[in-house]
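Please look at the sequence and the structure below, and then work through the questions that follow.

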Amino acid sequence: MTAQVTEFAAEPAVVSAIEDWRSWLAHERRISGHTLDAYSRDLKGFLNHAAEHLGYPPGLQDLEALSPADFRGYLARRNTDGLSRASTARAMSTLRNFFKFLERQGLAVNAAIGAVKTPKVPRAVPKALDEVDALEAVETIGGLHDEPWLAKRDTAVLLLLYGCGLRIGEALGLNRGQAPDPAKGEDSMVVTGKGN
């Protein structure tokens with residue numbers, strides 16, 4: 001772990017704090033190795049930016065003295081470099097986490113980071129399954145249960161979701177009394193969704 005941490009452009013006290021932070025993330029928070037590497041890259045990028053901005057590797061007092069404009073400059077740099085909003089949002093989350101750790105350890109307090117808004121990440125619209133994938137899902141779901149009634153129930157729910165365009169909450173909210181009764185000449189039902 002130490003070999004990777006020594007690559008940070010920072011004074012020894014900051015590097016030591018980073019080692020403690022990484023150890024805390026790995027052992028107390030139990031985050032995965034991939035997440036720890038991503039957080040470390042995010043922090044390294046920020047500290048390299050800070051060292052370039054300040055003209056020297058930052059110490060704990062330098063981190064404490066950073067202003068909202070300094071953090072916004074970092075965000076602007078990432079934007080200029082063409083990094084995605086999602087990546088930048090994660091980087092800001094990493095910084096907030098690290099600065100909270102510094103504060104809890106009594107090493108540095110910087111309220112300015114709280115004044116910086118994280119870039120909004122656009123939500124991806126879910127894509128519908130194509131016909132082949134939908135049929136495969138319906139066939140597969142039926143084979144997941146040993147109890148025939150559970151297989152039929154799950155198959156019916158999937159058919160409602162895909163075939164009728166119901167949302168999961170609408171499909172799960174249906175009850176037996178709402179089912180059409182062929183004896184009464186009923187062959188369809190109306191589901192009132194979002195916004196009536």
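Q: Which residue does the side chain of D42 meet in a salt bridge?
A: A salt bridge is counted when a side-chain nitrogen of Lys or Arg is within 4 Å of a carboxyl oxygen of Asp or Glu. For D42 the N to O distance is 2.8 Å, and the partner is R90.

Q: How many residues apart in sequence are the parts that D42 and R90 tie together?
A: This is a predicted model, in which local features need pLDDT of at least 70 and side-chain atom pairs count only at pLDDT 80 or more, while totals for chains, interfaces and linings use all residues. Residues are numbered from 1 along each chain as its sequence is written, and side-chain values use heavy atoms, with hydrogens and water left out. Helices are DSSP runs (H or I, at least four residues), numbered from the N terminus. Because D42 lies in helix α3 and R90 in helix α6, the pair ties together parts whose separation in sequence is 48 residues.

Q: Is D42 buried or exposed?
A: Buried means under 20% relative accessible area, exposed means over 50%, and partly exposed lies in between (1.4 Å probe, protein chains only). Since the relative accessibility of D42 is 5%, this residue counts as buried.

Q: Which residues are joined with R77 into one network by salt bridges that share partners?
A: The side chains of E52 and R77 meet in a salt bridge at 3.1 Å, N to O, and this pair links helix α3 with helix α5. R77 also forms a salt bridge with D81, where the closest N and O atoms are 3.8 Å apart. Through these shared partners, the residues joined with R77 into one network are E52 and D81.

Q: Which helix gives the most residues to the largest nonpolar core?
A: A nonpolar core is a set of buried Ala, Val, Leu, Ile, Met, Phe, Trp, Tyr and Cys residues joined through side-chain atoms within 4.5 Å. The largest one has 31 residues, of which F46, L47, L63, F71 and F99 touch the most other members. At least two residues each come from α2, α3, α4, α5 and α6. With seven residues, the helix that gives the most to this core is α6.

Q: Where is R30 found, and is this residue buried or exposed?
A: The phi angle of R30 is near 55°, a positive value in a residue other than glycine. R30 is found in the loop between α2 and α3, and, because its relative accessibility is 70%, R30 counts as exposed.
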